[in-house]
Amino acid sequence: MKLMLLVVIIGSVLYSLLKVYISNRYAKKELPLEVSDIYDAKRYHEYLAYKAENQRLSLIGLVINTGFNIFFIYSNFYEWLDTFSHNPYILCLYTLLIITIIDSIFTVIVDYYDTFYIEEKYGLNKKDLKEFIKDEVIDIVFSTFLMIIMIMFIVFVCENISRFVDIENITYVQSLLVMGVICIVFGVIIILINILAYAVLKMQYQFVDLEEGPLRHDIENMLVGCKKKVRRIMVYNESKKSTTKNAFLLNLFGYREFGIADNFISGNDYRELLAVLAHEVGHLRHKKNIYNYLKYVLLICMFFLFVYLLAHVSLLENLSSNILQTFNITTVNYYLIVFVITTLLKPIMFILSVFNNYATRVEEYEADSHSVSLGYGTELIHTFKELSKDELVNVNPSPIIEFLEYDHPGMYHRIKAIEETMKKSA
């Protein structure tokens with residue numbers, strides 16, 4: 001089993017290196033006409049230098065992270081943890097906290113270098129040290145708390161399910177009912193986590209209502225007739241953290257609000273603001289397509305897969321026993337089991353992510369089309385070009401990398417699609 005884990009981990013590393021090679025090789029090609037005017041010679045040189053520094057940092061991080069994973073697998077780390085406690089809850093918590101502390105130290109160092117050396121060097125950072133520490137602490141605490149909730153829920157289910165059903169002789173009907181209850185509880189946990197994530201967002205940024213005026217009036221007019229209601233239109237202080245200009249639609253279980261970066265409002269033309277916000281309204285007016293329904297089909301298939309596994313619990317027990325035997329431990333370490341399973345499932349999750357990225361890109365094209373239909377096509381293109389130049393974006397990524405990794409269209413394909421839509425509607 002350790003060999004299988006190593007193969008998947010090394011495969012992930014090789015894939016990352018292949019992406020870098022393809023990206024760098026493709027970057028040598030001349031920029032297409034649609035995006036050739038985004039960078040002047042000086043700014044394009046800065047982009048190439050910025051990209052190279054980020055790649056080096058990412059590769060260093062990849063090597064260190066891979067080294068950690070291999071160390072945890074091939075050392076006596078889990079065997080050493082097994083001596084701490086024979087209580088599965090405490091053992092799982094020990095494992096989670098120790099690995100989180102190690103990972104957090106490394107992450108903070110990398111983030112610090114990225115923020116105050118790379119981003120600062122190219123004029124993209126506005127954070128001071130106090131703001132950086134605040135954001136890092138909030139992120140670490142939130143992600144750790146999230147992991148604790150999820151992993152403890154898994155431990156509780158596994159440790160107590162035999163109290164409610166005869167797990168060795170469980171029927172398909174009982175398995176279906178048990179999975180239904182688990183999904184309901186899991187859904188409640190997800191709702192609570194999303195509420196907490198919303199609270200964290202409010203801690204990291206200061207949000208205020210967009211003041212009354214022409215911009216608010218025009219946004220509200222765009223929303224007329226939209227069945228999905230937006231409760232609030234907010235401005236947040238992105239200028240305190242970075243030069244990034246953005247607008248987003250927050251959707252929290254039916255509660256929706258617009259978030260608009262303050263430096264986006266202050267640094268862009270009025271119609272450019274409306275162009276981007278019309279894009280966000282396009283997401284609200286989006287109708288479900290075949291890709292959305294396929295997502296539901298995949299979720300249903302996963303549900304029934306778990307029903308099948310629960311009805312054949314011996315398969316899970318054998319897997320758990322093999323993991324314990326492989327790592328020479330006696331107490332069930334659920335963190336280790338989750339790590340092994342998620343690592344081995346990486347190839348399948350990668351395939352699902354490729355599908356999800358494609359479906360999301362289709363929705364982005366549809367939202368752009370809505371903005372064009374309202375007469376903002378020219379402004380949308382100009383805004384995308386300005387944002388790309390300001391934020392040193394790769395405006396013409398390799399089509400292979402874009403297909404596999406991008407959840408938004410690359411700038412070349414995006415602008416080309418907008419121009420084609422404008423021609424059709426002319």
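In this predicted model, a good place to start is the open sheet, whose four strands follow the order β1-β2-β4-β3 with mixed pairing. At its edges lie β1 (207-209) and β3, each of which pairs on one side only. Direction ignored, neighbouring strands of the sheet are turned by 35° against each other on average. In a regular strand, side chains point alternately to one face of the sheet and to the other, a helpful pattern to keep in mind when viewing the strands one by one.

The mixed character of the sheet can be followed through strand β4. On one hand, β4 (residues 255-261) pairs with β3 (residues 247-252) in the antiparallel sense, over six bridges. On the other, strand β2 (residues 232-236) runs parallel to β4 and is joined to β4 by five bridges. Individual residue pairs make both arrangements easy to find in the structure. Ile233 has Phe258 in β4 as its bridge partner, while Leu252 is bridged to Tyr255, also in β4.

The link between β3 and β4 deserves a moment of its own. These two strands form a hairpin, with two residues between them. Within the turn sits Phe253, which has a positive phi of about 50°.

Turning from the sheet to the helices, one pair is described here in detail. Helix α6 (residues 172-204) packs against helix α10 (residues 290-311) at an angle of about 125°, and the two axes are 9 Å apart. This angle makes α6 oblique to α10, because it falls neither in the roughly perpendicular range of 65 to 115 degrees nor over 145, where a pair counts as roughly antiparallel. The crossing of α6 and α10 is right-handed.

Which residues of α6 and α10 meet? From α6 come Tyr172, Ser175, Leu176, Val178, Met179, Gly180 and Cys183. Their counterparts in α10 are Phe303, Phe304, Phe306, Val307, Tyr308, Leu310 and Ala311. Sorted by class, this contact of α6 with α10 holds 12 nonpolar and two polar residues, and no charged ones.

Stepping back to the whole protein, the model contains 16 helices and four strands. The C-alpha trace spans about 65 × 45 × 40 Å along its principal axes. How does the radius of gyration of the protein relate to that of a compact globule? For 426 residues, a compact globule would have a value near 22 Å, and the protein has 24 Å, so the two agree.

Methods. Residues numbered from 1 in each chain as written. Predicted model: local features only at pLDDT ≥ 70, side-chain atom pairs only at ≥ 80, totals over all residues. Heavy atoms only, no water. Pairing = 2+ DSSP bridges. Axes fitted to C-alpha atoms, helices over the stretch in contact; angles between N-to-C directions. Parallel < 35°, antiparallel > 145°, perpendicular 65-115°, else oblique. Left-handed = near helix turned anticlockwise from the far one by under 90°. Contact = heavy atoms within 4.5 Å. Nonpolar A, V, L, I, M, F, W, Y, C, P; charged D, E, K, R; others polar. Rg over C-alpha atoms; globule rule 2.2 N^0.38 Å.
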